[in-house]
Amino acid sequence: MAISAAQAAEAARVIADRASAVGVPLLVEGRDLAVTVERRGPDGQRLTCAGPGWSLSGLELGMPGSFQPSNALLAVAAARELGAREPAIREGLARAWWPGRFQVFRRERGFLVLDGAHNPAGARALAASLREVFGSSRVTFVLGILRDKDAPGIVAALAPVADRFVLVASSNRRATTPDALRAIMPAAVTRVDIAGSPADALALAVRTDATPIVCVAGSLSLIGDVLRHLGGSDEPCSLEKGPDSMGLLS
């Protein structure tokens, strides 16, 4: 059995042709598999996943990103095909955790979101998730992008939901300088600050109550720097720590 997320038409044809060529039945999201969101908020979402002859409702997923229901649907369908029982599937989804991928921390005066968003598609998904989870709340982005990435495309995707940008270079030697990032900011973006380090950028971003949502994005190395800072360590951060290991942020 092969299982596929919804795809662009060209990719869907390739997948279907390959499954047919090797004689493997194919389940496709949107045709054979479906997922609906019962509830979504900063702490996660509740889903219903369904396929041929089965449906599981009230599935709790601790990751609130708008792109996660599709991932959960494929995981549930695959687990069922492998013979996993319903309690194990429910527990697995509830325990799933993906650091740096729309990872949400509660702050005293709002929320901190960490999302790598290191290409335009990822940035568009991030912008959509911010709007779906937090509505029209104002967002301050702490943004750092590597030199070999499409920085203009990333900025263009995030700018419509941004109230302010704090630009910074991550510890990666391929990081774009904040001044270079400032040079590509759209004219409509008027609130732009530069920070000397990821820790300074985070402190600058959370200093005001004007934007209750602070989002760190643009580079997985920047996410690592911030996680390391939040964990109070100068050592490379462990992405194996659980989501409750950081506590509340002031």
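With a relative accessibility of just 3%, G100 falls under the 20% cut-off and so counts as buried. This comes from a predicted model. As for where G100 sits, it belongs to the loop that runs between α3 (86-95) and β6 (103-107). Leaving aside residues up to four places away in sequence, the contacts of G100 are with L114, D115, G116 and I223. There is also a long-range pairing to look at: G100 and V216 are 116 residues apart along the chain, yet their C-alpha atoms are separated by 9.1 Å.

Helix α5 is another part of the model that is mostly covered. Out of the 8 residues in α5 (residues 151-158), 6 are buried. These are A151, G153, I154, V155, A157 and L158. An α-helix has 3.6 residues a turn, so residues three or four places apart point the same way. The cover over the buried residues of α5 is a mix of helices and strands: α4 (120-134) and α6 (178-183) are part of it, as are β8 (139-143), β9 (162-167) and β11 (213-217). At the start of α5, D150 has a side-chain oxygen within 3.0 Å of the backbone nitrogen of G153, and G153 is itself one of the buried residues of the helix.

Then there are the cysteines. C49 has 0% relative accessibility and therefore counts as buried. C215 is also at 0%, so it counts as buried too. With a disulfide taken as a pair of cysteine sulfur atoms within 2.5 Å, the count for the model comes to 0.

Definitions and conventions
Residues numbered from 1 in each chain as written. Predicted model: local features only at pLDDT ≥ 70, side-chain atom pairs only at ≥ 80, totals over all residues. Heavy atoms only, no water. Buried < 20%, exposed > 50% of the residue type's maximum accessible area, 1.4 Å probe, protein only. Helix = DSSP H or I, 4+ residues; strand = E, 2+ residues; numbered from the N terminus. Contact = heavy atoms within 4.5 Å. Polar contact = N/O pair within 3.5 Å; in protein donor to acceptor, adjacent residues only side chain to side chain.
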